[in-house]
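User: Please take a close look at one part of this model, the strand pairing and what packs around it. Walk me through it in one go.

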Amino acid sequence: MATSDGWYLIGPLIAVGLVGFLGAVFWRMGLQPTGSTGGEPDGLSIFSECEDYGLLWPAAVTEDPEVADEIRRLLADAGIRATSATRRDGRVSVLVFAEEVEEARRLAQS
């Protein structure tokens, strides 16, 4: 049986207020959904950076996956660990760690 003073509503009102407050804070920080403009994917604006590979840096970018494989084999022969990733525009990036990127770029150009 509900009490007549309404104290049982305090918990849900605090929860709704807290969710609204957090939503306003996240909206202000820029975490609102982004619209689809051009080639950008839908999603949160914090994930709109499409060329972020974490600890890896692009040493070479090519249109042909076979060329990317050749560059990876060349870098492996030189003792540089490398991988490849297909970008959103269809090109293939050869990725290496940051401390090896200068040497890898020099080898890829030759």
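Analyst: Ala-85 stands opposite Ser-93 in strand 5. This is a predicted model. Next to that pair, Thr-86 has Val-92 of strand 5 as its bridge partner. Both pairs belong to the ladder between strand 4, residues 83-86, and strand 5. That ladder is antiparallel and spans four bridges. Five residues lie between the two strands of this hairpin. One residue of the hairpin, Gly-90, takes a positive phi near 95°.

Now widen the view to the sheet. It is open and holds three strands, in the order 3-5-4. The pairing is antiparallel. Strand 3 and strand 4 are the edges, each pairing on one side only. On average, neighbouring strands are turned by 35° against each other, with direction ignored. Strands of a sheet pair through backbone hydrogen bonds, either parallel or antiparallel.

Two helices come into the picture here. Helix 2 packs on the sheet and touches strand 3, strand 4 and strand 5. The direction of helix 2 makes about 20° with that of strand 5. Helix 3 lies across strand 3 and strand 5. Helix 3 runs at about 10° to strand 3.

Val-92 shows how these parts meet. Beyond its neighbours within four places in sequence, Val-92 contacts Ala-60, Val-61 and Thr-62, among others. Its contacts also include Pro-65 and Ala-68, as well as Ser-84, Ala-85 and Thr-86.

Val-92 is also part of the largest nonpolar core, which has eleven residues. Ala-59, Ala-60, Ala-68, Ile-71 and Leu-75 are among the members. So are Ile-80, Val-94, Val-96, Val-101 and Ala-104. Strand 3 (56-62), helix 2 (65-77), strand 5 (92-97) and helix 3 (101-109) each supply at least two of these residues. In soluble globular proteins, nonpolar side chains tend to be buried together.

How does this part sit in the whole chain? The chain has three helices and five strands, following the pattern α-β-β-β-α-β-β-α. Buried residues make up 15% of its 110 residues. Of the contacts between residues at least 6 apart in sequence, 49% join residues at least 24 apart. The chain exposes about 8300 Å², with carbon and sulfur atoms supplying 60% of it.

Last, confidence. The average pLDDT is 80, and 77% of the residues score at least 70. Over residues 40-48 the pLDDT is below 50. Beyond near neighbours in sequence, that stretch has 16 contacts in the model.

Methods: Residues numbered from 1 in each chain as written. Heavy atoms only, no water. Core = buried A, V, L, I, M, F, W, Y, C linked by side-chain atoms within 4.5 Å. Buried < 20%, exposed > 50% of the residue type's maximum accessible area, 1.4 Å probe, protein only. Contact = heavy atoms within 4.5 Å. Areas by Shrake-Rupley, 256 points an atom, 1.4 Å probe, with all protein chains shown as cover. pLDDT = per-residue confidence, 0-100. Pairing = 2+ DSSP bridges. Axes fitted to C-alpha atoms, helices over the stretch in contact; angles between N-to-C directions.
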